[in-house]
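Hi there,

Here is the structure I promised to pass on. Have a look at it first, and then read my notes below.

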Amino acid sequence: MTAAPARRAALTLVTGGSAPQREAAIAARLAASSAAGLCAVLLEGLPSGQSLLSPSHDLQVHRIAPGCLCCTGNLVLRVTLNRILRLRPDWLFIGLAATDHLDQLRSWLQDSPYDQLLELTADLHT
């Protein structure tokens, strides 16, 4: 008997606007969702004051320094993403400060090993 394939986390890339606008869009999506389980958020950049997303038992919030996530920030992104994926979230948001290399990032996230762990959903644009 073969084991059932592992469930992949839904991944939504969040683009556009300012950091607070991206956080507000994620918070609104989470509030409107009936999705149960663990959600994780990876935000590029530092908070500009009070964050709209508060870590809890059901919501993990992680931040990384701003920079091109497919070039100079690739190692930091991989390490942070791998740590998040060990928690087996049901839904993952990645908030991007810039979209210069969005196609490369999306391609990278659909390549091995992430193709077995993540299922890209439609982007959320603020």
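Below are my notes on the nonpolar cores and the salt bridges. Please keep in mind that this is a predicted model.

**Nonpolar cores**

I started with the inside of the protein. The largest nonpolar core is made of 20 residues. Within that core, the residues with the most contacts are Leu81, Leu92, Ile94, Leu109 and Leu118. Several helices and strands feed into it, each giving at least two residues: on the strand side S1 (9-15), S2 (39-44) and S4 (91-95), and on the helix side H2 (74-86) and H3 (102-109).

Leu81 is a good residue to centre your view on. Leaving out residues up to four places away in sequence, Leu81 is in contact with Leu92, Trp108, Leu109, Tyr114 and Leu118. There is also a second core, separate from the one around Leu81, with 12 residues. Val14, Val41, Leu43 and Leu124 are among its members. As general background, nonpolar side chains in soluble globular proteins tend to be buried together.

**Salt bridges**

How many salt bridges does a search of the whole structure find? The search gives five, and I will go through three pairs here.

One of them pairs the side chains of Arg8 and Glu119, with an N to O distance of 3.7 Å. This bridge connects distant parts of the chain, as its partners are 111 residues apart: Arg8 lies in the segment before S1, and Glu119 belongs to strand S5 (residues 118-120). Both ends are partly exposed, Arg8 with a relative accessible area of 37% and Glu119 with 42%.

The other two pairs have Arg106 in common. Arg106 bridges to Asp103, where the closest N and O atoms are 3.3 Å apart. Asp103 and Arg106 are about one helical turn from each other, because they sit three residues apart in helix H3. Asp103 counts as exposed, since its relative accessibility is 57% and the cut-off for exposed is over 50%.

Arg106 also forms a salt bridge with Asp123, and here the closest N and O atoms are 2.3 Å apart. This pair again links distant parts of the chain, 17 residues apart, running from helix H3 to the loop between S5 and strand S6 (124-125), where Asp123 is found. Asp123 is partly exposed, at 30% relative accessible area. Through these shared partners, Asp103, Arg106 and Asp123 form one salt-bridge network.

Happy to talk any of this through once you have had a look.

Best wishes

Technical notes. Residues numbered from 1 in each chain as written. Predicted model: local features only at pLDDT ≥ 70, side-chain atom pairs only at ≥ 80, totals over all residues. Heavy atoms only, no water. Core = buried A, V, L, I, M, F, W, Y, C linked by side-chain atoms within 4.5 Å. Buried < 20%, exposed > 50% of the residue type's maximum accessible area, 1.4 Å probe, protein only. Helix = DSSP H or I, 4+ residues; strand = E, 2+ residues; numbered from the N terminus. Contact = heavy atoms within 4.5 Å. Salt bridge = Lys/Arg side-chain N within 4 Å of Asp/Glu carboxyl O.
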